[in-house]
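This report describes a single protein chain for a reader who has the sequence and the coordinates at hand. It begins with one residue in a loop and then turns to the chain as a whole and to selected side-chain arrangements.

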Amino acid sequence: QLSDRMDAALADQESHGGKITALGRSLQFGRFLGALAILHARQLMDDEAVAAALETGGQLAKAYQRIWDRRARPS
C-alpha cells in the first residue's frame with residue numbers, strides 16, 4: 001500500500017502539461033536519468049547521444065547534466 005502522496009506522484013507521471021507535484025517531478029527526473037544510465041551502461045547510447053537527450057530537458061537540462069556528471073564521477 002502506497003501513501004496518498006506517492007499515489008499522487010505516480011499519477012503525475014501520466015499528466016501531460018498539468019501541474020505536477022514536487023515528488024512527481026522528482027520521480028520523473030529519476031526515471032529519465034535512470035533510463036539513460038541503463039542505455040548508456042548497455043552501450044546502446046554513447047556519450048554524445050546521452051548529451052543530446054539531456055538537452056531535451058528544457059529548463060531542467062542543466063540540472064540533468066549536473067546529476068549525470070555526478071553519477072559518472074568515481075566516489
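## A loop residue with positive phi

Gln43 has a relative accessibility of 71% and therefore counts as exposed, since the cut-off for that class is over 50%. The model is a predicted one. Within it, Gln43 belongs to the loop that joins H2 to helix H3, the latter covering 47-55.

The backbone of Gln43 merits separate mention: its phi is near 60°, a positive value in a residue that is not glycine. For most residues other than glycine, phi is negative.

## Overall architecture

The chain contains four helices and zero strands. Read from the N terminus, the order of its elements is α-α-α-α.

Among the 75 residues of the chain, 21% are classed as buried. The accessible surface amounts to about 5,900 Å², and carbon and sulfur atoms contribute 53% of that area. Of the contacts with a separation of 6 or more, 26% are between residues 24 or more positions apart.

## Aromatic pairs between H2 and H4

How many aromatic pairs does the chain have? The count is two. In one of them, the ring centres of Phe29 and Tyr64 are 4.6 Å apart; the planes meet at 35°, so this pair is classed as tilted. Phe29 is in helix H2 (residues 22-41) and Tyr64 in helix H4 (residues 61-72), so that 35 residues separate the partners and the pair links distant parts of the chain. Phe29 and Tyr64 are both buried.

Tyr64 also pairs with Phe32, with ring centres 4.8 Å apart and planes at 40°. This pair is likewise tilted, because an angle between 30 and 60 degrees falls in neither the stacked nor the edge-to-face class. Here too distant parts of the chain are linked, as Phe32 in helix H2 and Tyr64 in helix H4 are 32 residues apart. Through these ring pairs, Phe29, Phe32 and Tyr64 are joined into a cluster.

Which members of the cluster are buried, and which are partly exposed? Tyr64 has a relative accessible area of 7%, which is under the 20% cut-off, and is therefore buried. Phe29 is buried as well. Phe32, at 25% relative accessibility, counts as partly exposed because this value lies between the 20% and 50% limits.

## Arg71 and its surroundings

Arg71 is located in helix H4. The residue lies over the face of Trp68, at 3.7 Å from the ring centre. With a relative accessible area of 41%, Arg71 is partly exposed.

Which residues does Arg71 touch, leaving aside those up to four places away in sequence? They are Ala37 and His40. In addition, the C-alpha atom of Arg71 is separated by 9.7 Å from that of Leu33, although the two residues are 38 residues apart along the chain.

## A nonpolar surface patch

Leu2, Met6 and Leu10 form a nonpolar patch on the surface. Together these three residues have about 240 Å² of accessible area. One of them, Leu2, is placed in the segment that precedes helix H1 (4-12).

Notes
Residues numbered from 1 in each chain as written. Predicted model: local features only at pLDDT ≥ 70, side-chain atom pairs only at ≥ 80, totals over all residues. Heavy atoms only, no water. Helix = DSSP H or I, 4+ residues; strand = E, 2+ residues; numbered from the N terminus. Buried < 20%, exposed > 50% of the residue type's maximum accessible area, 1.4 Å probe, protein only. Contact = heavy atoms within 4.5 Å. Areas by Shrake-Rupley, 256 points an atom, 1.4 Å probe, with all protein chains shown as cover. Phe/Tyr/Trp six-rings, centres within 6.5 Å; stacked < 30°, edge-to-face > 60°. Lys NZ or Arg CZ within 6 Å of the ring centre and 35° of its normal. Patch = residues over 30% accessible without salt bridge, like charges linked within 9 Å, V, L, I, M, F, W, Y side chains within 5 Å. Salt bridge = Lys/Arg side-chain N within 4 Å of Asp/Glu carboxyl O.
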